Amino acid sequence: MNKPENKQQVELLKRLARVEGQIRGIQKLIQQPDADCEKVLQQMTAARRALDKAFFEMLACVIETNVLDENQEAAQRMTEVKELLTRYA
């Protein structure tokens, strides 16, 4: 397995590992005979928000890469950023 190259990668991997742990916790909650549905929903909401935050950090990284690409004109870079936002946000 390759080591992460920079701080952003390390932080994203940590965040995803936490989400993975949250999902495992949700699965255990659901498996309990007396599972509290509201508690499951709370945990799902927390996991979804954590995953959303990771998603937006990754989207920002992609946008930043496009904006900083000096091989393209500014108008072309902005067009690509708009397309990214339309596609993923």
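**View A. Leu16 belongs to helix H1, which covers residues 7-31.** Everything here comes from a predicted model, in which local features need pLDDT of at least 70 and side-chain atom pairs count only at pLDDT 80 or more, while totals for chains, interfaces and linings use all residues. Residues are numbered from 1 along each chain as its sequence is written, and side-chain values use heavy atoms, with hydrogens and water left out. Helices (H or I, at least four residues) and strands (E, at least two) are runs from DSSP, numbered from the N terminus. Is Leu16 buried or exposed, or does it fall in between? Leu16 counts as partly exposed because its relative accessibility is 36%; buried would mean under 20% relative accessible area and exposed over 50%, with partly exposed in between (1.4 Å probe, protein chains only). Leu16 also joins Leu13 and Leu51 in a nonpolar surface patch of about 250 Å². Patch members have over 30% relative accessible area and no salt bridge; nonpolar side chains (Val, Leu, Ile, Met, Phe, Trp, Tyr) are joined within 5 Å, and like charges within 9 Å. Accessible areas are computed by the Shrake-Rupley method with a 1.4 Å probe, and for residues only the protein chains shown count as cover.

**View B. Arg15 of helix H1 meets Glu57 in a salt bridge, with 3.4 Å from N to O.** This pair links distant parts of the chain: Arg15 is in helix H1 and Glu57 in helix H2, 42 residues apart. A salt bridge needs a side-chain nitrogen of Lys or Arg within 4 Å of a carboxyl oxygen of Asp or Glu. The two side chains also make a polar contact of 3.4 Å, a term for a pair of N or O atoms within 3.5 Å; within protein, one must be able to donate a hydrogen and the other to accept it, and residues adjacent in sequence count only if both atoms are side-chain atoms. Which of the two partners is buried? Arg15 is, because its relative accessible area is 17%. Glu57, at 33% relative accessibility, counts as partly exposed. Leaving aside residues up to four places away in sequence, Arg15 touches Ala50, Lys53, Ala54 and Glu57; a contact means heavy atoms within 4.5 Å.

**View C. Two more salt bridges can be found within helix H1, one of them between Lys14 and Glu11.** The closest N and O atoms of Lys14 and Glu11 are 3.8 Å apart. Why are these two residues separated by about one helical turn? They are 3 residues apart in helix H1. Lys14 counts as partly exposed at 43% relative accessibility, and Glu11 counts as partly exposed at 35%. Now look for Glu20 and Arg24, whose salt bridge brings the closest N and O atoms to 2.9 Å. Both residues lie in helix H1, 4 residues apart, about one turn of the helix. Glu20 is partly exposed, with a relative accessible area of 43%, and Arg24 is partly exposed too, with 46%. How many salt bridges does a search of the whole structure find? The search finds 3.

**View D. Arg49 is a residue of helix H2, residues 37-67.** With 61% relative accessibility, Arg49 counts as exposed. How far apart in space are Arg49 and Val19? Their C-alpha atoms are 9.3 Å apart, although 30 residues separate the two in sequence.

**View E. Gln76 marks a spot in helix H3, residues 74-88.** Gln76 counts as partly exposed at 38% relative accessibility. Try finding Asn66 as well: the C-alpha atoms of Gln76 and Asn66 are separated by 9.4 Å, and the residues are 10 apart along the chain.

**View F. Stepping back, the whole chain has 3 helices and 0 strands.** Reading along the sequence gives the pattern α-α-α. The C-alpha trace spans about 60 × 30 × 15 Å along its principal axes. The chain has a radius of gyration of 18 Å, whereas a compact globule of 89 residues would have one near 12 Å. This radius is taken over C-alpha atoms, and the globule rule is 2.2 Å times the number of residues to the power 0.38. Of the 89 residues, 17% are buried. About 7400 Å² of the chain is exposed, and carbon and sulfur atoms supply 55% of that area. Among contacts between residues at least 6 apart in sequence, 47% join residues at least 24 apart.
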